[in-house]
Amino acid sequence: RWLRVNHYQVSGEPQYKSIPPRIICEPLLGDTKENLPDFKFFCFGGRPTFVQVDLDRYSNHVRCFYNAEWKRQEFTLRYPKAEQAVACPKPFKKMLDIARILSSDFTFVRVDLYAVEDRVYFGELTFHPESGVAPFSDYQVDLDFGRRLG
């Protein structure tokens with residue numbers, strides 16, 4: 001069933017248009033009892049600016065945002081804002097460096113990374129977070145992100 005889904009038709013994201021569907025199996029990261037936090041670096045012109053942290057994706061999906069100095073932000077995108085603060089991952093500086101390198105050729109890209117102990121794992125590059133249609137919880141933040149693109 002998954003192989004019959006054309007993600008371009010679902011999301012309208014052009015990068016999926018000509019990719020044949022495939023199933024890729026990867027080793028499980030972290031502890032199987034707990035969902036691994038997903039760190040998503042919003043990078044503008046090769047500069048990591050905000051980090052979206054997704055928690056409990058398969059039960060009670062919440063998220064929060066931090067800036068590049070790990071200061072919590074008041075806005076969220078699509079999902080409810082997590083009540084609890086998230087500890088800065090041990091390899092945060094390394095994660096910033098990786099996001100900077102991977103995003104250097106793009107006006108905008110979101111670099112998704114995982115931290116397990118001191119190791120960093122690559123998730124994906126995303127050019128249209130939430131397919132570009134989910135609203136931020138604060139309209140001024142939405143405008144600010146848009147201005148950074150131009």
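**Close-up views of charged pairs and a buried glutamine**

There are 13 salt bridges to look for in this structure, which is a predicted model. Side chains of opposite charge can pair when their charged atoms come close. The views below pick out a few of these pairs, then turn to one polar residue.

**View 1. Arg78 and Glu130 meet through their side chains in a salt bridge.** The N to O distance here is 2.9 Å. This pair ties together distant parts of the chain, with the two residues 52 positions apart. Arg78 sits in the loop between β3 (62-67) and α2 (92-103), while Glu130 belongs to the loop between β5 (119-126) and α3 (139-149). Which of the two is buried, and which is exposed? Arg78 counts as exposed because its relative accessibility is 53%, over the 50% mark. Glu130 has a relative accessible area of 18%, under the 20% cut-off, so it counts as buried.

**View 2. Lys90 pairs up with Glu117 in a salt bridge.** Here the closest N and O atoms are 3.7 Å apart. Once again, distant parts of the chain are linked: Lys90 is in the loop between β3 and α2, and Glu117 is in the loop between β4 (108-116) and β5. In sequence, 27 residues separate them. Both Lys90 and Glu117 are exposed.

**View 3. Arg148 and Asp144 form a salt bridge within helix α3.** Their closest N and O atoms lie 3.1 Å apart. The two residues are 4 apart in sequence, which is about one turn of the helix. How accessible is Arg148? Its relative accessible area is 32%, so Arg148 is partly exposed. Asp144, at 26% relative accessibility, counts as partly exposed too.

**View 4. Salt bridges with shared partners build one network.** Its members are Asp38, Lys40, Arg57, Arg110, Asp112 and Glu124.

**View 5. Gln52 is a buried residue in strand β2 (residues 47-55).** Why does Gln52 count as buried? Its relative accessibility is 1%, and anything under 20% is classed that way. The side chain of Gln52 makes a polar contact of 2.8 Å with the side chain of Asp54. What else does Gln52 touch, leaving aside neighbours within four places in sequence? Its contacts are Asp38, Phe39, Lys40, Phe42, Arg63, Cys64, Phe65 and Leu77. Two of those names, Asp38 and Lys40, also appear in the network of View 4.

Definitions and conventions:
Residues are numbered from 1 along each chain as its sequence is written. This is a predicted model: local features need pLDDT of at least 70, side-chain atom pairs count only at pLDDT 80 or more; totals for chains, interfaces and linings use all residues. Side-chain values use heavy atoms; hydrogens and water are left out. Buried means under 20% relative accessible area, exposed over 50%, partly exposed in between (1.4 Å probe, protein chains only). A polar contact is a pair of N or O atoms within 3.5 Å; within protein, one must be able to donate a hydrogen and the other to accept it, and residues adjacent in sequence count only if both atoms are side-chain atoms. Contact means heavy atoms within 4.5 Å.
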